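Dear colleague,

I am handing over the structure we spoke about, and below it you will find my notes on what turned up when I went through it. Please read them with the coordinates open beside you.

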Amino acid sequence: MSERHPVIAITGSSGAGTSTVTKTFGNIFRREGVKAAIVEGDSFHRFDRREMRARQAAAEAAGNTNFSHFGPDTNLLAELANLFRSYSQSGQGQIRKYLHNPEEAAPYQQEPGTFTAWEDIPDDTDMLFYEGLHGAVVTEEVDIAQHADLLIGVVPVINLEWIQKLIRDKTQRGYSQAAVTDIILRRMPDYVNYICPQFARTHVNFQRVPVVDTSNPFVAREIPTPDESMVVIRFANPKGIDFPYLLNMIHDSWMSRANTIVVPGGKMEIAMQLIFTPFVWRMMDRRRRALGAH
């Protein structure tokens, strides 16, 4: 952890909704004049799309039906831990991009599903911002979580997470229902062993809970809307959190536990703005004071 070079990490699985949190932080950074080094979790996959398919086929032929992007063997976890450590110490490190589609790949004249070359983080960034699968992972070999100043988990109830993934992958990526279901099943052991444990290490968790029937996600035709949901926000350490202020600013919210506030789903973004803007203020204030002392 670092005062001069803070690290924020958003962690959540595919379909969890981490992009919503990233968008909110982008708005905060623009408003507050913060220059962040953006790190995409997909850029720390070990294999590009073509090689991942080949590795998966080989694993299945060998009897391993649980080879997935969620596990340590398919990701550069040591390199990600080194990036967090290096940035927190010096504001330096190397990052790259994973090009998901033709639109992202075109400026680089590369094929979709490939990586750009590694590049140095610019010298003038204020903090590092990571969004991906493994921002709070701890294994026998690596401890990524220890280097982050703010860890945020995005973890909707599991049926909602599956609905979001099923509909997104079918409508945006052209996958069949059977293909997406196969992905969910293949990832389950790694989800249990490497994704879920992270949410016990995060500083704040956001869990969207639908208030409509999602009992069979595999027949759902639409994603429950924010207005059909509540959001449970849990703080690992509630000290310093102004709950009366949040309750006053977010109508129809309430406290379900001493460290947990529940807000209407449509108010999740404003809740994030109210909660995380002071975090960013404090990080930037500590950074200015630390830099001024050297």
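**Aromatic contacts and a pocket**

Phenylalanine 25 is buried, with a relative accessible area of 0%, and I should say at once that the model is a predicted one. Phenylalanine 276 is likewise buried, its relative accessible area being 0%.

A search of the whole structure gives twelve aromatic pairs. In one of them, the ring centres of phenylalanine 25 and phenylalanine 276 are 5.0 Å apart and the planes lie at 35 degrees, so the pair counts as tilted, between the limits of 30 and 60 degrees. Because phenylalanine 25 belongs to helix H1 (residues 18-32) and phenylalanine 276 to helix H8, this pair ties together parts that are 251 residues apart in sequence. Both residues also belong to one aromatic cluster, formed by Phe25, Phe29, Phe129, Phe206, Phe276 and Phe279.

Helix H8 deserves a second look, since its 25 residues should span 36 Å at 1.5 Å a residue, and its end C-alpha atoms are indeed 36 Å apart. H8 nevertheless bends by about 30 degrees at phenylalanine 276, with proline 278 following within four residues.

H8 (residues 268-292) also gives the most to the lining of the second largest pocket, namely four residues. That pocket has a volume of about 330 Å³ and is lined by 15 residues, of which Asp149, Leu150, His203, Phe279 and Arg282 lie nearest its centre; the lining divides into eight nonpolar, three polar and four charged residues.

With best wishes

Methods. Residues are numbered from 1 along each chain as its sequence is written. This is a predicted model: local features need pLDDT of at least 70, side-chain atom pairs count only at pLDDT 80 or more; totals for chains, interfaces and linings use all residues. Side-chain values use heavy atoms; hydrogens and water are left out. On a 1 Å grid over the protein atoms alone, a cavity is a set of points where a 1.4 Å probe fits but cannot get out, and a pocket is an open set with protein on both sides within 12 Å along at least five of seven lines; lining residues have an atom within 4 Å of a point. Grid points are joined across faces, edges and corners, and a volume is the space filled by probe spheres set on the points. Helices (H or I, at least four residues) and strands (E, at least two) are DSSP runs, numbered from the N terminus. Ala, Val, Leu, Ile, Met, Phe, Trp, Tyr, Cys and Pro count as nonpolar, Asp, Glu, Lys and Arg as charged, and the others, Gly among them, as polar. The expected span of a helix is 1.5 Å times one less than its number of residues. The bend at a residue is the angle between axes fitted to the seven residues ending there and the seven starting there. Rings of Phe, Tyr and Trp (its six-membered ring) pair if their centres lie within 6.5 Å; planes under 30 degrees apart count as stacked, over 60 as edge-to-face and the rest as tilted. Buried means under 20% relative accessible area, exposed over 50%, partly exposed in between (1.4 Å probe, protein chains only).
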